[in-house]
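Okay, everyone, thanks for coming. Let me put the structure up and then talk you through a few spots in it.

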Amino acid sequence: MTQERFANQTVIVTGAGEGIGWEVARQFCQEGASVLLNDILPERATVAAEAIAEQTAGRCLPVPGDVADIELAPGLVARAVEEFGALDVCVCNAGLTSWGDFFSYAPADFERVVNVNLRGTYFLAQAAARQFRAQGRGGRIVLMSSVTGHQAVPYLSAYGMTKAALEMLARNLVLELSPHGITINCVAPGAVITPRNLGDDPDYETTWAALTPTGEAIQTADIANAVLFLAAPAASQITGQALVVDGGWSSTSPIPNMDYGKDYEN
């Protein structure tokens with residue numbers, strides 16, 4: 001029997017048009033939640049929401065938009081409440097991966113990765129927390145960090161900085177959110193097998209399975225499982241934490257040969 005830990009709950013998931021975010025949204029719908037699915041690309045958001053609704057018979061509403069846009073966060077929360085009546089969980093998943101040599105990294109690239117990863121997450125968490133406080137029944141916020149916030153990776157100085165900052169944000173907000181029954185945690189994925197990564201490197205899964213101590217590459221379902229765990233009632237006493245899901249990679253940290261000239265945004 002399928003669990004429905006999130007029956008009658010409303011969830012926002014950003015950056016959910018594909019990959020990790022899509023699987024997070026799908027699992028929430030599968031477990032009874034109504035999901036507001038955000039993605040930067042309107043068509044991708046629509047296709048993703050339709051696919052989830054077909055697979056789960058859940059309610060999944062696409063709402064496109066760029067999380068770096070300061071007006072998007074309150075709009076997402078207002079739309080969730082308008083459509084579904086309340087808000088229970090907010091998953092700040094949208095992020096930009098930006099490679100670059102520190103000596104030549106451009107200010108425009110720095111601003112973009114900071115605006116998406118930090119500003120977008122910060123103000124969505126703020127908007128969600130305000131709604132939770134107004135409702136008076138608590139809530140769950142899950143931020144998407146990365147193993148690069150724990151372990152240095154070549155040419156990811158700006159990106160890794162933003163992910164480490166998100167974990168500090170979660171720890172700091174324990175002080176202000178806990179009195180309102182709101183928990184806030186991070187999930188820090190390792191190298192995850194997504195359509196985007198496989199499109200860039202057909203050998204991605206084989207490569208990372210060999211580099212991961214468990215011998216298996218990380219799947220989007222592994223990350224979604226962690227997100228739903230932190231959002232569930234059973235995790236009510238877990239807050240301010242970062243849950244690393246990398247098959248043990250950050251304990252050994254071998255780096256494959258990689259193309260460092262690409263930026264990725266979900």
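So, Phe102 is exposed, with a relative accessible area of 63%. Its partner in what I'm about to show, Phe103, also counts as exposed, at 79% relative accessibility. Keep in mind that this is a predicted model.

Why bring up those two? A search of the whole structure turns up five aromatic pairs. In one of them, the ring centres of Phe102 and Phe103 sit 5.7 Å apart with the planes at 70°, and planes over 60 degrees apart count as edge-to-face, so that's what we call this pair.

Next pair: Trp208 and Trp249. Here the ring centres are 5.9 Å apart and the planes are at 65°, so this pair is edge-to-face. Trp208 belongs to helix H7, residues 204–211, and Trp249 to helix H9, residues 249–252, so the pair ties together parts that are 41 residues apart in sequence. Buried or exposed, these two tryptophans? Trp208 is buried, and so is Trp249. Add Tyr204, and with Trp208 and Trp249 you have one aromatic cluster.

Now over to a helix pair. The axes of H1, residues 19–30, and H8, residues 220–231, come within 8 Å and cross at roughly 50°. H1 and H8 are therefore oblique to each other, and the crossing is right-handed.

Who's touching whom? On the H1 side, the contact includes Ile20, Val24 and Phe28; on the H8 side, Ile223, Val227 and Leu228 are among the residues involved. By class, the H1–H8 contact has nine nonpolar, four polar and one charged residues.

How values were computed:
Residues are numbered from 1 along each chain as its sequence is written. This is a predicted model: local features need pLDDT of at least 70, side-chain atom pairs count only at pLDDT 80 or more; totals for chains, interfaces and linings use all residues. Side-chain values use heavy atoms; hydrogens and water are left out. Rings of Phe, Tyr and Trp (its six-membered ring) pair if their centres lie within 6.5 Å; planes under 30 degrees apart count as stacked, over 60 as edge-to-face and the rest as tilted. Buried means under 20% relative accessible area, exposed over 50%, partly exposed in between (1.4 Å probe, protein chains only). Helices (H or I, at least four residues) and strands (E, at least two) are DSSP runs, numbered from the N terminus. Axes are lines fitted to C-alpha atoms, for helices over the stretch in contact, and angles run from 0 to 180 degrees between N-to-C directions. Angles under 35 degrees count as roughly parallel, over 145 as roughly antiparallel, 65 to 115 as roughly perpendicular and the rest as oblique. A crossing is left-handed if the near helix is turned anticlockwise from the far one by less than a right angle, and right-handed if clockwise. Contact means heavy atoms within 4.5 Å. Ala, Val, Leu, Ile, Met, Phe, Trp, Tyr, Cys and Pro count as nonpolar, Asp, Glu, Lys and Arg as charged, and the others, Gly among them, as polar.
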